[in-house]
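Please look over the model below. The report after it covers the strands, a helix, the cavities and the confidence.

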Amino acid sequence: MDVKQAGSSLDSLISSFNTRIAELQQFVIARNMYPASSVSDLSEIDSALKGMELQVQKIKDRLREETRAIPKAKKLIEAALRQQMKLKSMSACVPSCLPEIATSVIQDTSTSVQPEMPKQDLGTESLNLEEPAPREKKGRASPPMWYITSDELDALPSYMKQRLTLDKVNAAINDMATYAEANAQIIVAPRKKLAENMLDRALELREIARNDVVKGKHFFLEADIKGPALKLDNTGKATLTVLRHLCRITETRMGHHRVIILLKPQ
């Protein structure tokens with residue numbers, strides 16, 4: 001019941017009281033005229049008045065409860081508005097198309113993994129090829145997708161930002177997460193499930209993953225950059241520069257490879 005409804009109910013009660021008072025006055029006059037027949041009428045009036053008093057008390061109690069609930073309702077509304085602002089800020093940072101990493105990785109590595117075959121004589125192969133793959137930890141985390149915000153992009157100098165948009169940069173972050181996930185799957189894949197043309201790549205990735213700079217982090221190589229959003233063109237190079245400046249990635253060189261490491265929020 002809101003304040004307007006409560007006020008309307010009180011006005012109605014006051015009007016009823018005035019009507020009853022007028023009737024009571026008439027009954028008092030009638031009692032003096034007919035004292036024997038007025039007792040039952042006065043009893044009915046008394047019962048009606050008691051019922052009305054109970055209704056008024058219930059309305060007062062209800063209004064008191066609603067008044068006490070107003071501060072809580074205000075706090076709830078303020079919390080909802082703050083949450084709404086957070087959600088708006090988050091939605092502004094999310095790219096228009098979210099990636100499907102699992103699907104992309106399966107497609108990218110479908111040619112590199114083969115069914116388990118009977119064991120053959122591998123005596124002529126290098127011992128390094130027999131080196132077991134690092135065991136995949138249970139609950140291995142997915143590559144970080146630390147999207148940039150519109151405020152971060154707007155704060156960049158124009159020579160660095162060039163014609164980059166928020167969607168383009170965050171779509172590139174999706175691609176980098178896909179590259180890193182594909183490499184992580186190759187690193188932990190058993191040798192017997194790797195195709196012959198992927199053995200050298202697996203060994204290279206495992207060697208890089210053991211480096212202290214890279215250990216425990218998701219990474220990909222510059223050679224992995226093949227789109228769809230991130231490419232090795234001027235726009236792609238500008239995107240990498242922006243992401244490096246905003247501490248989303250860091251780079252190192254190992255041998256002839258340029259290794260790009262994905263960073264997590266601190």
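## The strands and their surroundings

Strands β2 and β3 form a hairpin with two residues between them, and glycine 255 in the turn has a positive phi of about 65 degrees. This is a predicted model, in which local features need pLDDT of at least 70 and side-chain atom pairs count only at pLDDT 80 or more, while totals for chains, interfaces and linings use all residues. Residues are numbered from 1 along each chain as its sequence is written, and side-chain values use heavy atoms, with hydrogens and water left out.

Helices (H or I, at least four residues) and strands (E, at least two) are DSSP runs, numbered from the N terminus. The protein has eight helices and three strands, in the order α-α-α-α-α-α-α-β-α-β-β along the sequence.

Two strands pair if DSSP finds at least two bridges between them. The pairings are listed here.

| Strands | Sense | Bridges | One opposed pair |
|---|---|---|---|
| β1 and β3 | antiparallel | three bridges | leucine 221 and valine 259 |
| β2 and β3 | antiparallel | six bridges | glutamate 251 and isoleucine 260 |

Buried means under 20% relative accessible area, exposed over 50%, and partly exposed in between (1.4 Å probe, protein chains only). Five of the six residues of β3 are buried, so β3 is largely enclosed by the rest of the structure. Of the 266 residues of the protein, 28% count as buried.

Which residues of helix α7 (residues 199–209) are buried? They are Leu199, Ala202, Leu205, Arg206 and Ile208. These buried residues pack against α6 (166–188), β1, β2 (249–254) and β3 (257–262), where contact means heavy atoms within 4.5 Å.

A cavity is a set of points on a 1 Å grid over the protein atoms alone where a 1.4 Å probe fits but cannot get out; lining residues have an atom within 4 Å of a point. The structure holds two cavities of 30 Å³ or more, and the largest contains about 50 Å³ of space. Its lining consists of Pro144, Trp146, Ile173, Met176, Arg248, Leu262 and Leu263.

Confidence is given by pLDDT, the predictor's confidence in each residue, from 0 to 100. The mean pLDDT of the protein is 79, and 74% of its residues reach 70 or more. Strand β1 (residues 219–221) has the highest mean, 96, and helix α3 (residues 101–108) the lowest, 44. Over residues 101–131, pLDDT stays under 50. Where pLDDT is low, the predicted coordinates should not be read in detail.

Terms used:
1 Å grid on protein atoms, 1.4 Å probe; cavity = no way out; pocket = protein on both sides within 12 Å on 5 of 7 lines; lining within 4 Å. Points joined across faces, edges and corners; volume = space filled by probe spheres on them.
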